Amino acid sequence: MHILLENADLLGRAFAMTVLLALGAGTLAAVLGLVVGVSRLCPVPLLRHLGTGYVELVRNTPLTIVFFLVVFVLPELGVLLPGYLVAATTALGCYTAAFVAEAIRAGVYTVGRGQAEAARALGLSFSAAMRYVIVPQALRAVVPPLAGVWIALVKNTSVAAGFGVLELTAASQRINFLDPAAVIPALLWIAAAYLVLTLGSAYGFRWLERRSAVAR
């Protein structure tokens with residue numbers, strides 16, 4: 001255990017980096033996923049096909065491949081991202097957005113058709129109906145599936161270890177390099193850190209689900 005105490009600063013920075021990466025990617029995924037999810041329901045065929053194509057392409061592509069495309073291919077195309085953390089956040093956020101979009105789309109289907117008909121009767125456009133009537137109600141229904149997407153995102157941050165980001169998994173690899181005999185304590189500590197993040201998130205989403213149920 002002494003190796004963990006000696007590297008407490010490293011583990012602390014790795015934990016903070018994992019949280020930062022998850023929050024950044026989660027924010028990007030939420031915004032992009034909402035746009036893509038609504039696009040899949042848009043009456044404009046081009047937007048609907050683009051949204052569907054994005055979800056089907058990204059959702060069926062391994063996350064590691066998405067990381068490779070963002071970290072190595074985009075710079076070759078002239079798209080330079082400022083640092084590995086931004087690149088990892090972009091890759092993870094764009095990948096997770098496909099799953100957020102599907103959750104949003106499923107949530108919209110839980111809203112009664114009469115709501116959309118009433119919005120049209122009031123003269124609201126598609127975008128206005130989505131913004132003021134449909135999406136606010138749909139978001140209450142998607143809290144449980146979004147909780148699963150978020151927890152998967154937190155665990156997927158470990159992929160960033162292979163692309164220059166010093167997060168929890170990368171920290172355990174560095175400790176193992178310094179002292180191979182400490183690999184088991186290091187892995188147990190990393191597993192405990194992920195449990196803190198995921199179980200804490202699950203509790204927060206359960207609280208949010210209860211609040212949204214009361215709001216209904």
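**Exercise 1. Which residues of H9 are buried?**

*Solution.* The model under study is predicted. A residue counts as buried when its relative accessible area is under 20%. In H9, this condition is met by Leu168, Thr169, Ala170, Ala171, Ser172 and Ile175. At the start of H9, there is also a polar feature to note: a side-chain oxygen of Glu167 comes to within 3.1 Å of the backbone nitrogen of Thr169.

**Exercise 2. Describe the overall make-up of the protein.**

*Solution.* Step one concerns the secondary structure: the protein has ten helices and zero strands. Read from the N terminus, the order of elements is therefore α-α-α-α-α-α-α-α-α-α.

Step two concerns extent. Along the principal axes, the C-alpha atoms fill a box of roughly 70 × 45 × 25 Å. The accessible surface comes to about 11800 Å², and carbon and sulfur atoms account for 69% of this surface.

Step three concerns burial and contacts. Of the 216 residues in the protein, 39% are buried. Among contacts between residues at least 6 apart in sequence, 78% join residues at least 24 apart.

**Exercise 3. Identify the largest nonpolar core and the helices that supply it.**

*Solution.* In general, nonpolar side chains tend to be buried together in soluble globular proteins. The largest nonpolar core here has 36 residues, and Phe67, Leu92 and Leu168 are those with the most contacts inside it. At least two residues of this core come from each of helix H2 (8–39), helix H4 (63–76), helix H5 (84–109), helix H8 (143–156), helix H9 (168–178) and helix H10 (183–215).

Leu168 may now be examined in detail. When its neighbours within four places in sequence are left aside, Leu168 is in contact with Leu11, Ala14, Phe15, Thr18, Trp189, Ile190, Ala193, Tyr194 and Leu197.

A separate, second core has 15 residues, including Val38, Ala97, Val100 and Met130.

**Exercise 4. Is Leu77 buried or exposed?**

*Solution.* First, locate the residue: Leu77 lies in the loop between H4 and H5. Next, apply the cut-off: a residue is exposed when its relative accessible area is over 50%. The value for Leu77 is 64%, so Leu77 counts as exposed.

Leu77 also belongs to a nonpolar patch on the surface, together with Ile65, Phe68, Leu69, Phe72, Val73 and Val79. The accessible area of these residues together is about 620 Å².

**Exercise 5. Why does Ser39 count as buried?**

*Solution.* Ser39 is found in helix H2. Its relative accessibility is 16%, so Ser39 counts as buried. Apart from neighbours within four places in sequence, the residues in contact with Ser39 are Leu47, Arg48 and Gly51.

**Exercise 6. Trace the salt bridges of Glu102 and state which residues the network links.**

*Solution.* Side chains of opposite charge can pair when their charged atoms come close. The count of salt bridges in the model comes to five.

1. Glu102 forms a salt bridge with Arg40, with the closest N and O atoms 2.3 Å apart. This pair links distant parts of the chain, 62 residues apart: Arg40 is in the loop between H2 and helix H3 (45–59), and Glu102 is in helix H5. Arg40 counts as buried because its relative accessibility is 12%. Glu102 is likewise buried, at a relative accessible area of 17%.

2. Glu102 forms a salt bridge with Arg59, with the closest N and O atoms 3.4 Å apart. Here too, distant parts of the chain are linked: Glu102 in helix H5 and Arg59 in helix H3 are 43 residues apart. With a relative accessible area of 30%, Arg59 is partly exposed.

3. Glu102 meets Arg105 in a salt bridge of 3.2 Å, N to O. Because they are three residues apart in helix H5, Arg105 and Glu102 are separated by about one helical turn. Residues three or four places apart in an α-helix point the same way, since the helix has 3.6 residues a turn. Arg105 counts as partly exposed, at 21% relative accessibility.

The final step joins these pairs: a network of salt bridges links Arg40, Glu56, Arg59, Glu102 and Arg105.

Technical notes:
Residues numbered from 1 in each chain as written. Predicted model: local features only at pLDDT ≥ 70, side-chain atom pairs only at ≥ 80, totals over all residues. Heavy atoms only, no water. Core = buried A, V, L, I, M, F, W, Y, C linked by side-chain atoms within 4.5 Å. Buried < 20%, exposed > 50% of the residue type's maximum accessible area, 1.4 Å probe, protein only. Helix = DSSP H or I, 4+ residues; strand = E, 2+ residues; numbered from the N terminus. Contact = heavy atoms within 4.5 Å. Patch = residues over 30% accessible without salt bridge, like charges linked within 9 Å, V, L, I, M, F, W, Y side chains within 5 Å. Areas by Shrake-Rupley, 256 points an atom, 1.4 Å probe, with all protein chains shown as cover. Salt bridge = Lys/Arg side-chain N within 4 Å of Asp/Glu carboxyl O. Polar contact = N/O pair within 3.5 Å; in protein donor to acceptor, adjacent residues only side chain to side chain.
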